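Work through the exercises below with the sequence and the model open. Each task is followed by its solution.

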Amino acid sequence: MRIIGTGSALPEKVVTNDMLAGFLDTSDNWITTRTGIRTRRLLSTETLRELALEAAKKAIASSGLTPADIDYLICSNVANSYVSPSLGSIILGQLGCCCPTFDMNGACAGLVYSLDVADAFLKTGRARNILVVAAEQPSRFCDWHDRSTSVLFGDGASALVVTGGEGFFDFRLTGNTHTDVMYYKRSLEPTPYDRVEERTQPLVMEGREVFRLAVESCIEDVDVLLERNGLKGEDIDLFLLHQANMRIIECIRQHLEQPKEKFPTNIQKYGNTSSASVGILIDELSRAGVLKEGATILISTFGGGFVTAAALLKWSEILYGKEA
Ligand code: UT7
């Protein structure tokens, strides 16, 4: 499988740390030094559906395919106002695609989980061109009185078009049950038989424990992928890591003993956009010409569950309408 199109979309509204300090007991200094985040984009006048559509349209346009060529849409999304239909179904018609679709909830690792499924569909001939969209509004999971969670997140969407080819050459996905360290619970309707009271509970997160799990498990994924492909840190041109906390990225970088330039980030501008994060990074770097033909890239992500998903690939340049 290889990536032939990329897209991303972000809300207009830029929210600075100082703006948050206006109503939360926090400061620009605390947020910047503990997380690396300076601003984030939050949905206000637009909707998540519009962001998802914009990212998807850009990805299809850059792939050189038409919507009719897409024969599967996988949409990574943790939550939106609809439980059913899926976000994939909601955007399918406006995209002009007519194909099967489903939503993937792999938390912040959902984009790479979706790519793993797409790879399997392509290998078995179930599809020829797959659109993977990751669209998230984590700002709506948070209690905006809780300074320990609300300052971390931003909204955004990314999309990738993938097809058969020589790109991805290994994946590593893991999952284990640590549901207590990070969760967002929604209420369900009571029935005459099941009256257990379920209340919506904004995001609960044990920050330090998530930090520890993230560093430990991403390092394991990276080490396993390198070892089983006979590679060393030096052989990787770029490490594209889930943009959750600059200090998490720095811990992984120090373990690998690789230079900072190999770890591009955009968390400063966008905060943690959940599963959209690594796709937004890929789109920005690809359009900026940073992802060179043949570059070896290692992607590593983690999320609530606790789940992780990492991948190794060789990059094929995308032209975005420019001459070859
Ligand atoms: O996609 C996955 C999403 N989640 C993550 O990746 C989260 C991973 N964890 C983290 O990124 C970090 O643990 C946090 C950024 C959430 C917290 O950083 P920390 O260095 O682990 O801080 P802490 O939780 O140990 O808290 C240190 C202090 C506490 O005060 P006391 O108890 O020492 O007086 C907190 O109450 O910082 C306080 N604090 C804040 N202060 C100012 C927590 N949030 C804030 C805040 N502003 N926004």
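**Exercise 1.** How many residues surround the ligand, and which are the closest?

Before starting, note that this is a predicted model, in which local features need pLDDT of at least 70, side-chain atom pairs count only at pLDDT 80 or more, and totals for chains, interfaces and linings use all residues. Residues are numbered from 1 along each chain as its sequence is written, and side-chain values use heavy atoms, with hydrogens and water left out.

Solution. Step 1: collect each residue that has a heavy atom within 4 Å of the ligand. This gives 23 residues. Step 2: pick out the closest, which are Thr26, Arg34, Arg208, Asn245 and Asn272.

Step 3: look for polar contacts (pairs of N or O atoms within 3.5 Å; within protein, one must be able to donate a hydrogen and the other to accept it, and residues adjacent in sequence count only if both atoms are side-chain atoms). Arginine 208 has a polar side-chain atom 2.5 Å from a ligand oxygen. For asparagine 272, the distance from a side-chain N or O atom to an oxygen of the ligand is 2.8 Å. For arginine 247, the corresponding distance is 3.3 Å.

**Exercise 2.** Describe how the two domains meet.

Solution. Step 1: set the bounds, which come from an automatic or database domain assignment. Domain 1 covers 2-165 and domain 2 covers 170-314. Their C-alpha centres are 14 Å apart.

Step 2: count contacts, meaning heavy atoms within 4.5 Å. On the domain 1 side 50 residues take part, and on the domain 2 side 41.

Step 3: take the buried area, the accessible area (1.4 Å probe) that two parts lose on being put together, summed over both. About 3,400 Å² is buried between the domains, with 64% of it on carbon and sulfur atoms.

Step 4: count the polar pairs. Between domain 1 and domain 2 there are 18 residue pairs in polar contact, both residues at pLDDT 80 or more. The count of salt bridges (a side-chain nitrogen of Lys or Arg within 4 Å of a carboxyl oxygen of Asp or Glu) between these domains is zero.

Step 5: assign the side of domain 1 that touches domain 2 to its elements. Helices (H or I, at least four residues) and strands (E, at least two) are DSSP runs, numbered from the N terminus. Among those that supply at least two residues each are strand E1 (2-9), helix H3 (48-63) and helix H5 (110-123). H5 gives the largest share, seven residues.

**Exercise 3.** Which residue forms a salt bridge with lysine 123?

Solution. Step 1: the structure holds 13 salt bridges. Step 2: one of them joins the side chains of lysine 123 and aspartate 119, at 2.8 Å from N to O. Step 3: lysine 123 and aspartate 119 are about one helical turn apart, because they are four residues apart in helix H5.

**Exercise 4.** Find backbone exceptions in the loops.

Solution. Step 1: recall the background. Most residues other than glycine have a negative phi, and most peptide bonds are trans.

Step 2: list cis bonds. Serine 84 and proline 85 are joined by a cis peptide bond with omega about 0 degrees; proline 85 sits in the loop between strand E4 (72-76) and helix H4 (87-95). Glycine 305 to phenylalanine 306 is also cis, with omega near 20 degrees, and phenylalanine 306 is in the loop between strand E12 (296-303) and strand E13 (307-314).

Step 3: check phi. Alanine 107 has a positive phi, near 50 degrees, and lies in the loop between strand E5 (101-104) and H5.
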